[in-house]
Amino acid sequence: HIAEMLSKEDESGLFAAAAAIGARGAQFEGSARELSEEPATSVFNANHEHLGKKRKHYLPGMLYYSSEFYWGTDRLNFLEQRLFSMGCATNNSNNNSNNMDPTAAPLKWRNQYELECQSSVVYPTTFTNLSPSLLSGHDDPDNCLVMYYSFRSPYSQIAVARFFAIARHHRVPCMVRPLLPMVMRPNPLAVPRVKSMYIMMDTSREGHRVGYTGIGMCDPVGPGTIRAFAVWHSVVAPQKNVNVEESFLRSFSTHVWSNGVDFASDAGAKVVCEGAGLSWSQCLCAMKPSGLGVRQHWQEKESSDRELCAKSGLWGVPSFTFKSASMWGQDRMKALEMTILEDQRFRVVAPKM
């Protein structure tokens, strides 16, 4: 009955059914409390151990098929492509032995990546003087497009190109607020190894899908991140020029995350900073203990940005805000663009007061 209402999008019927189920459940609340939790807890623990030790994953709510995980609806495109390439498609004009190219399939879930600004999503080999120039949101941060970014987050790296493409294509002022990685924040959150391994695999898969050059990372956790914050807050941020912000993030992302450059070393940091068109002498000075190269010199600004992120109902990275809208994850780039387009349409048709 519920399935039928779902197919008909019968909202009133669904709400009525939910209320009836809730009322019926309340009748058994007393007797339910008398049941022991031990058998259920034992099963949950066994399932969780199986998930982590045998399947090498850390979260429920995952689809699993033959050695590969698919994180809910956000990864159904990969499962769909895989099944299509195996010849499992049905009632599909492309389902024949001569046309098993997954990219040729009219797949339902593929369009989650197709942005209106797709032609502007580019991965240049040089990172300065990119055109057209971006509009800065520093003068009005409450009404611009904001990305909360982490130098250590793999998902942040594969969001950079699309974030700036959206801002550039739709002429929306933008800015970036870097946040510390979870393991370096006050009251750090430990990241299990099984989670780290899955994230790297998933980022590689996602990165390939959106055109990112590849994952050959040198993990910047610790000194690398502290030095990146020093350069950001001493050399990049004072310019209040979002084009400089883009140049530095693109250079950092490509060199550190694709080419394995070690930003914790002077040689590696020089490659990144000069690639962004920054003065190496200024950057080197900033990273010294007498400059901003120690955490307490910039942690107040980072803490303030983290509070702004939390006030928007967000905590992880990359996260995005645009006026009153907020969303988490590089999976939401299309939703972000749709929010901007809706705002622009509203401003075009809104009557003048």
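This report describes the overall make-up of a predicted protein model, one helix pair and one loop residue.

**Whole chain**

The mean pLDDT of the protein is 86, and 88% of the residues score at least 70. Residues 93-100 fall below a pLDDT of 50, although this stretch has 15 contacts in the model beyond near neighbours in sequence. Where pLDDT is low, the predicted coordinates should not be read in detail.

The secondary structure consists of 13 helices and six strands. Of the contacts between residues at least 6 apart in sequence, 69% join residues at least 24 apart. Further totals for the protein are tabulated below.

| Property | Value |
|---|---|
| Buried residues | 41% of 353 residues |
| Exposed area | about 19,300 Å² |
| Carbon and sulfur atoms' part of the exposed area | 55% |

**Helices α5 and α7**

Helix α7 spans residues 193-210 and packs against α5 with the axes 11 Å apart, at an angle of about 80 degrees. Angles of 65 to 115 degrees count as roughly perpendicular, so α5 is roughly perpendicular to α7. On the α5 side, the contact is made by Asn77, Phe78 and Gln81, and on the α7 side by Arg205, Glu206 and Arg209. By class, the residues of this contact are three charged, two polar and one nonpolar.

**Thr126**

The loop between α5 (76-85) and β3 (145-149) contains Thr126. Thr126 counts as exposed because its relative accessibility is 52%, the cut-off being over 50%. Arg250 is 124 residues away from Thr126 along the chain, and the C-alpha atoms of the two residues are separated by 8.9 Å.

Definitions and conventions
Residues are numbered from 1 along each chain as its sequence is written. This is a predicted model: local features need pLDDT of at least 70, side-chain atom pairs count only at pLDDT 80 or more; totals for chains, interfaces and linings use all residues. Side-chain values use heavy atoms; hydrogens and water are left out. pLDDT is the predictor's confidence in each residue, from 0 to 100. Contact means heavy atoms within 4.5 Å. Helices (H or I, at least four residues) and strands (E, at least two) are DSSP runs, numbered from the N terminus. Buried means under 20% relative accessible area, exposed over 50%, partly exposed in between (1.4 Å probe, protein chains only). Accessible areas come from the Shrake-Rupley method with a 1.4 Å probe; for residues, only the protein chains shown count as cover. Axes are lines fitted to C-alpha atoms, for helices over the stretch in contact, and angles run from 0 to 180 degrees between N-to-C directions. Angles under 35 degrees count as roughly parallel, over 145 as roughly antiparallel, 65 to 115 as roughly perpendicular and the rest as oblique. Ala, Val, Leu, Ile, Met, Phe, Trp, Tyr, Cys and Pro count as nonpolar, Asp, Glu, Lys and Arg as charged, and the others, Gly among them, as polar.
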